Structure formats: C-alpha cells, structure tokens
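Me: I should like to understand the terms used to describe this protein model. Please explain each one by setting it against its definition.

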Amino acid sequence: MVTGRLRYSINWREPLIVLLVITLILSLLAFVPLRSPLKAHPMLLQWAVERPTEIVRVIVQKYTNDDSVEAMVLRQGGAITQDLSIIRAFAADLPASAVPQLAQAPGVKWISPDAEVAQSDAAISTANLLDSYVSAIGADSLWNDAHAIRGQGVTVAIVDSGIALHPDLTDLHSRSLRVVANVDFSGERRVLGRDGYGHGTHIAGIVGGNGLFSLGARMGVAPGVNLVNVRVCDSSGKGMTSNVVAGLQWVYENRDRYNIRVLNLSLNSSVPESYHTSPLAAALEVLWFNGVVVVVSAGNNGSGEENGILYPPA
C-alpha cells in the first residue's frame with residue numbers, strides 16, 4: 001500500500017515540476033529584448049561592417065504609404081534619389097553604417113543594393129541572324145497568312161540603352177518612324193533617337209525590324225509593331241537598378257496611352273537576389289498583373305564559374 005501511494009504521488013509531481021520550469025523560463029524570456037530581423041541584402045550588411053563610412057546606393061521597399069521611412073534615411077545622413085512608387089519603394093544614397101538600423105525599422109520591407117545592370121544578347125549567333133531565328137519560331141509563317149499577323153497595332157517597350165534612328169524601324173509605306181515615344185532615365189541627358197552603346201537598337205531590330213535596309217534579308221519577329229524607347233543605360237552600357245525600375249514605372253503609368261502590350265528587358269542585375277525581394281522582379285510583376293506581357297533575358301552565364309546562374313529578373 002505504501003508503494004502504491006508513493007508511485008501515485010510521483011506521477012503528479014513530475015509534470016508539475018516541468019510546468020513550473022517552463023513558466024519560469026517564459027517569465028525570464030519576457031524580459032529579454034527581441035531583435036527585429038535585419039531586412040537587408042547580406043552584401044549591404046557586410047559593407048556596414050567592413051566599410052561603414054562608405055556611401056552606398058540602395059533601393060528601400062516599404063510597407064507604409066507615408067514618408068516615415070524616407071525621413072529616417074534623411075536623419076541618418078542619407079539622400080533620397082528617386083521615387084519608385086510602382087513597388088512602394090525609393091532609391092537612396094546613405095552611409096553603409098546606417099543600413100542595419102534602417103533594416104530593423106517596422107515600415108521597411110527590404111533593402112536591396114541599387115546594383116548595376118548589364119545587357120545580355122539574344123541567344124543566337126550573329127552569323128545566323130539572316131533568317132534562322134525568325135523561321136525557327138515560325139514567325140515568318142504568320143506574316144502573309146490570311147490574318148497577316150505582323151504585330152500591327154501593338155506597342156513594345158524596349159527598356160535598354162536607347163533606340164537609334166534606323167530605316168528598319170520605319171513604316172514601309174509612309175516611312176514614318178515606328179518609335180512612338182522616347183524617354184531617358186539613364187541620367188546622361190543624351191539626344192534622344194541615338195544609342196551610344198548599340199544594344200537597345202540591336203534588340204529593337206530583333207523585335208520589330210522590317211528589313212528595309214538589307215532589302216528584306218534581316219527582319220525582326222514582328223515587323224509591324226510600334227516601339228517605345230525607354231532608355232535606362234548610358235553610352236557605355238551601364239545603368240543602375242533604380243534607373244530600370246523608374247523606366248518600368250513610366251511604362252506602367254503610360255501603358256494605356258501608347259497601348260504597350262509587351263515589354264522587353266534584356267538586362268540582368270549584377271547582384272544575385274531572390275525574386276521575393278528583388279526590386280526588378282517586383283516592378284515586372286506589377287506590369288504582368290496589369291496586362292503587359294513581360295519578356296526578360298536569362299543572361300549570358302552559359303560557361304565558366306557562373307555556368308547556369310540566373311540573376312534578377314530571370
């Protein structure tokens with residue numbers, strides 16, 4: 001009988017002791033300050049430690065609709081450089097040391113480097129541009145069928161280094177230029193209608209060249225489309241992510257005015273980043289959800305150490 005009572009007592013005491021210990025631990029944790037997660041790209045956090053006085057270019061995505069996050073940047077010695085409202089964000093320059101504190105602010109969603117972007121060419125050899133890519137996708141079979149589908153009535157936004165004046169980008173009948181709008185976000189203030197780097201004109205020709213200059217030997221996929229020239233890279237082919245997002249924002253705001261149905265972005269970020277946090281991916285997703293077909297390049301990493309690595313927005 002004594003043994004039975006003793007076992008009965010122990011079976012009740014053990015869970016009570018465990019419960020008391022858990023309660024004590026929870027009470028102690030209540031007095032431990034919890035740190036907010038650092039909502040910033042690891043590269044920026046590394047710079048904050050290694051070179052805290054250096055001014056870094058960033059893109060800050062936020063949850064709030066007010067200017068409280070911008071005010072915090074100004075208080076920390078930063079400067080707002082561009083409004084990127086298409087993704088509820090802004091570009092800024094600020095000391096690297098300010099990134100960790102800003103990254104803990106409740107209104108901040110994510111801080112990305114305002115990284116340079118680089119052009120990527122179409123994935124075919126230039127030696128085959130006479131006819132191979134057009135016939136490979138069957139575009140030429142649509143040009144002269146019963147519906148004569150050549151892209152007429154559709155506008156394609158070319159977000160790149162610019163579009164130069166070229167006879168292949170004119171209307172075959174009236175000879176008027178099919179580039180219906182030109183905007184420049186490169187910061188270079190170059191004369192519009194010129195492309196110092198040449199990449200944007202190259203892409204525009206693939207999309208909509210009519211072959212006039214080569215007597216039909218070199219034609220684009222849709223020789224009847226209109227084009228919008230959204231220049232985001234300078235004459236050396238360089239541009240920043242914030243320039244590209246600003247250009248995408250212009251497309252979003254003017255898509256109905258120019259009937260922009262397709263956007264081509266043959267650019268990639270120079271910094272790897274998840275599509276969950278990439279400003280480029282966020283802006284392109286807004287356009288996609290608003291009826292614009294988005295075409296992006298996979299990049300040029302087909303060999304070497306970066307073989308197969310995709311950078312945003314790919």
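**Terms and the reasons for them**

Reply: In this predicted model, the largest pocket holds about 430 Å³ of space. Its lining consists of 18 residues, and Tyr 275, Ser 278, Ala 281, Ala 282 and Glu 285 are the closest to its centre.

Me: What makes a residue a lining residue of a pocket?

Reply: A lining residue has an atom within 4 Å of a point of the pocket. The largest pocket has 18 such residues. Strand 1 (55-62) and helix 9 are the elements that give two or more residues to this lining. Helix 9 gives the most, with six residues.

Me: How do you know that strand 6 and strand 10 pair?

Reply: Pairing requires at least two bridges between two strands. Strand 6 (residues 155-160) and strand 10 (residues 260-265) are joined by four bridges, so they pair, and they run parallel. Ile 158, for example, has Asn 264 of strand 10 as its bridge partner. Helix 7 (residues 199-208) packs on the sheet and touches strand 6, strand 8 (226-231) and strand 10; its direction makes about 155° with that of strand 6. Helix 9 (residues 279-289) also packs on the sheet, where it touches strand 10 and strand 12, and its direction makes about 145° with that of strand 12.

Me: Why are strand 7 and strand 12 said to stand at the edges?

Reply: The sheet is open, and its five strands follow the order 7-8-6-10-12 with parallel pairing. Strand 7 (179-184) and strand 12 (293-296) each have a single partner strand, so one side of each is left without a neighbour in the sheet. On average, neighbouring strands of this sheet are turned by 15° against each other, direction ignored.

Me: What makes a set of residues a nonpolar core?

Reply: The residues must be buried, belong to the listed nonpolar kinds, and be joined through side-chain atoms within 4.5 Å. Buried means under 20% relative accessible area. The largest such core has 32 residues, and Val 244, Trp 250 and Leu 263 have the most contacts inside it. Helix 8 supplies the largest share, six residues.

Me: With which residues is Trp 250 in contact, leaving aside its neighbours within four places in sequence?

Reply: Contact means heavy atoms within 4.5 Å. On that basis Trp 250 is in contact with Ala 181, Val 183, Phe 185, Val 228, Val 230, Tyr 258 and Ile 260.

Technical notes
Residues are numbered from 1 along each chain as its sequence is written. This is a predicted model: local features need pLDDT of at least 70, side-chain atom pairs count only at pLDDT 80 or more; totals for chains, interfaces and linings use all residues. Side-chain values use heavy atoms; hydrogens and water are left out. Axes are lines fitted to C-alpha atoms, for helices over the stretch in contact, and angles run from 0 to 180 degrees between N-to-C directions. Buried means under 20% relative accessible area, exposed over 50%, partly exposed in between (1.4 Å probe, protein chains only). On a 1 Å grid over the protein atoms alone, a cavity is a set of points where a 1.4 Å probe fits but cannot get out, and a pocket is an open set with protein on both sides within 12 Å along at least five of seven lines; lining residues have an atom within 4 Å of a point. Grid points are joined across faces, edges and corners, and a volume is the space filled by probe spheres set on the points.
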